[in-house]
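Reader: I'd like to go through this model with you. Can we start with how the chains meet, then turn to the cysteines?
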Amino acid sequence: MNSEELDKIVEEEKRSRQSLEHEICVCVAAGCLSAHSEDVKAVLEKEVKQHGLGHQCKVKGVGCLGLCASGPLIAVEGGEKRTLYCNVTAQDAPEIVGALGKEPVKRLQLPESIPFFSRQRKLVLENCGRIDPERIEEYIGVGGYSALQKSLNEMRPTEVIEQITRSGLRGRGGAGYPTGLKWSTVSKAVGSRKFVVCNADEGDPGAFMDRTILASDPQKVIEGMIIAAYAVGASEGFIYVRAEYPLAIKRLKTAIHQAERLGLLGKNILGTTFSLSIELRLGAGAFVCGEETALIASIEGKRGTPRPRPPYPAESGLWKSPTLINNVETFAHVPKIILEGGDWYARLGTAKSKGTKMFALAGRVKNTGLIEVPMGINLREIIYEIGGIPEGHRFKAVQTGGPSGGCIPEQHLNTPVDYESLTKLGSIMGSGGMVVMDETSCIVDVAKFFIEFCMSESCGKCIPCRVGVTQMHDLLCKITDGAATMDDLALLEELCDVVRNTSLCGLGQTAPNPILSTLQYFRDEYIAHIEKKACPAGICKISGSEKESA
Amino acid sequence: MSRRHMQNLWFREGERVSMSVHIVTFAINGRDVSARESETVLDVARQNDIFIPTLCQVEGLSSVGACRLCLVEVKGRPRLFPACVLQVEEGMEVQTESERLSKYRRMIVELLFSERNHICAVCVSNGHCDLQDLAQKLGVTHVRYAYRNPSMPIDASHKQFALDHNRCVLCTRCIRVCDEIEGAHVWDMMARGIKSRIIADLDEAWGSSETCTNCGKCVQVCPTGALFERGKSVTEMTKRRQFLTYLTMMKEVPR
């Protein structure tokens, strides 16, 4: 495959799309699939055939349309118009096909003008819900691989890195390390072999950003990886994806295979001297393998435990070679930055956090689903406008950053979403989990949930994390059982300090965050459990507490 | 003669000293020290008789930085670093003692005591135990955390040795010595977190292990009474680790 052949695919795709009057895009990402969107798709296909529309109308599976709470979702595209339907069942299919080219089916229609859609800014998700994730031609048809073409044909590796640096892109895996700096470090590292690794071991409870990208637009991630490999001089790549994502794995396998078939992966990519192979590696269910040194050990076939850094993987990673590790979402930002330029990208967002960020919005909101918003948007806008608090309920706190993050209360909702602001509030940006809680959630119970998670996911290598987090969990149980004293609380805080400062890797170092942030904002709830032996939210089963609250 | 002295002798006599060895100067606790670039802060501290507590580290085996007892402060860096894997750098200022470090070290030892059943009075290693020594040296007089009192098995299937999980601190010395020195890799770690446990082969009884060479190196490097020779009673299990020093030295001798 060379550049001309790539252009030819673009032309062909354009032509075949223009020959269609309508396209019915059925979401076949995990959320809608679980709501039986495959059945809906099958009936739609049958209906289209029966109506004799086979030549003018195509039914296709597409990636995530975002509003997972109202799935299955369907987008009908015809000419300039795009109609979105929600909660579609197989019985609705004839009606939808019947309405093609006429007035849309009002009772199912979901206006795209609602804040859930209008407040978003989609860069990574631009193709999600528009292209078939299992056909590379469609990705190429909407401009895919033109960024790779541009990089290989018009830019030197250093120029690629410069654009990434100028864009201000930071690691979307959670820590927010400047991507350009990381790339430049790996490119300067000396080694006869270099690797590029995509971290798709997404494991935060409630987070599904990476899963959605991989299942909806896998080629974008692969293109980002190829560009990265070109920039840093790597010739081998790995995608480390957790085995619990069978759909993402299936689509990734298809995507890699198709890219290889077109010569976009393998030897002499696009007719240049640059070569790259990408292999999949499946995680076996350990959260800690998302930590980069543990991930490296796991790919090497060893027990997935972290090791002290330095040396950093950029210098000594896979098989002691320089290794670039970025998260799925980070790689997915790359093609757009190359096409539009780093400066264009840097115009979006705040002073230190650029571009957009995806969040998996979950918990006590009306619109749960996957969103992509510009950095700097207020938490309040996300929660009240995009999410929406159900009637009769009162917002209490939002948990960001998963088990490494913290709970942010009402009074700080006007905080702009960026790495520094969230850290200042005692939480973190994290990979993008966002769980909204209302008055029915007990804050101590929430902290206990996350600590329990960290406890069962600790690898056990270092003592503070292995034993310290277990002791923290036991103390929290004591509090929620109504058996704790104020001395226990003091001990808990002391443990938070030692675990945070002495643990080996990020898992242990950030494990106390859910406790520390809730203690900062909701200390009274802890004290109510300890001194009054009562759970204000009525969640914890403290003997005698029902009498008190009655 | 200590390992260090032997090594220095070799380097003094030999013309085979590599010309690419860089020497750096830095400070530990305000005292200027010199070191080869390849050395760790712990190496240099020991050469200069500066005590840094360690547990998982043994000279002669690879360092894993797991026990976190050797954490030190480095001026200008907010994080703490394990001295056993911290490479020396020109001009760095290391602090091995501070109120904060002592507190953390004491707490880590306390956590270890709370984790399993470390009852010195009935232990074969009483009086010759690294964990006990550390507790005494660091002034751990109480354990404020609840003892977890887990129910742990004892593997006494081996004809010469036994493994008592109750005393194990998961330092992985046995795993490393068996893998790196003996080359048998009998031992490994199973499960994760608080459920982690040392296993022989694929979680088999030690006595029926086909890979074990009965060399006993694991027993000798074990810091506590977790691995011991059968027939030893309370306080009788002293460990002999000289072989490691000797083997390591032989490995390092330029040929």
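Author: This is a predicted model. Between the chains, the side chains of R192(B) and E457(A) form a salt bridge, with 3.1 Å from N to O.

Reader: How many salt bridges are there across the interface of chain A and chain B?
Author: The rule finds four across that interface. Residue pairs in polar contact between chain A and chain B number 17, counting pairs with both residues at pLDDT 80 or more.

Reader: Which helices of chain A supply the side that touches chain B?
Author: α18 (443-457), α19 (463-480) and α20 (486-502) of chain A each give at least two residues to that side. The most comes from α19(A), with eight residues. By type, the side of chain A that touches chain B has 13 nonpolar, ten polar and eight charged residues.

Reader: And how much area do chain A and chain B bury between them?
Author: About 2,600 Å², 57% of it on carbon and sulfur atoms. In contacts, 31 residues of chain A meet 33 residues of chain B.

Reader: Switching to cysteines. How many disulfides over all chains?
Author: Zero.

Reader: Why is C123(B) without a bond to the closest cysteine sulfur?
Author: Because that sulfur, in C129(B), is 6.2 Å from the sulfur of C123(B), too far for a bond; the cut-off for a disulfide is 2.5 Å. C218(B) is in no disulfide either, and its nearest cysteine sulfur, that of C215(B), is 6.1 Å away.

Reader: Is C218(B) buried or exposed?
Author: C218(B) counts as buried, at 7% relative accessibility. C123(B) is also buried, at 7%.

Methods. Residues numbered from 1 in each chain as written. Chains lettered and ligands numbered in written order. Predicted model: local features only at pLDDT ≥ 70, side-chain atom pairs only at ≥ 80, totals over all residues. Heavy atoms only, no water. Buried < 20%, exposed > 50% of the residue type's maximum accessible area, 1.4 Å probe, protein only. Contact = heavy atoms within 4.5 Å. Buried area = accessible area lost by both parts, 1.4 Å probe. Polar contact = N/O pair within 3.5 Å; in protein donor to acceptor, adjacent residues only side chain to side chain. Helix = DSSP H or I, 4+ residues; strand = E, 2+ residues; numbered from the N terminus. Nonpolar A, V, L, I, M, F, W, Y, C, P; charged D, E, K, R; others polar.
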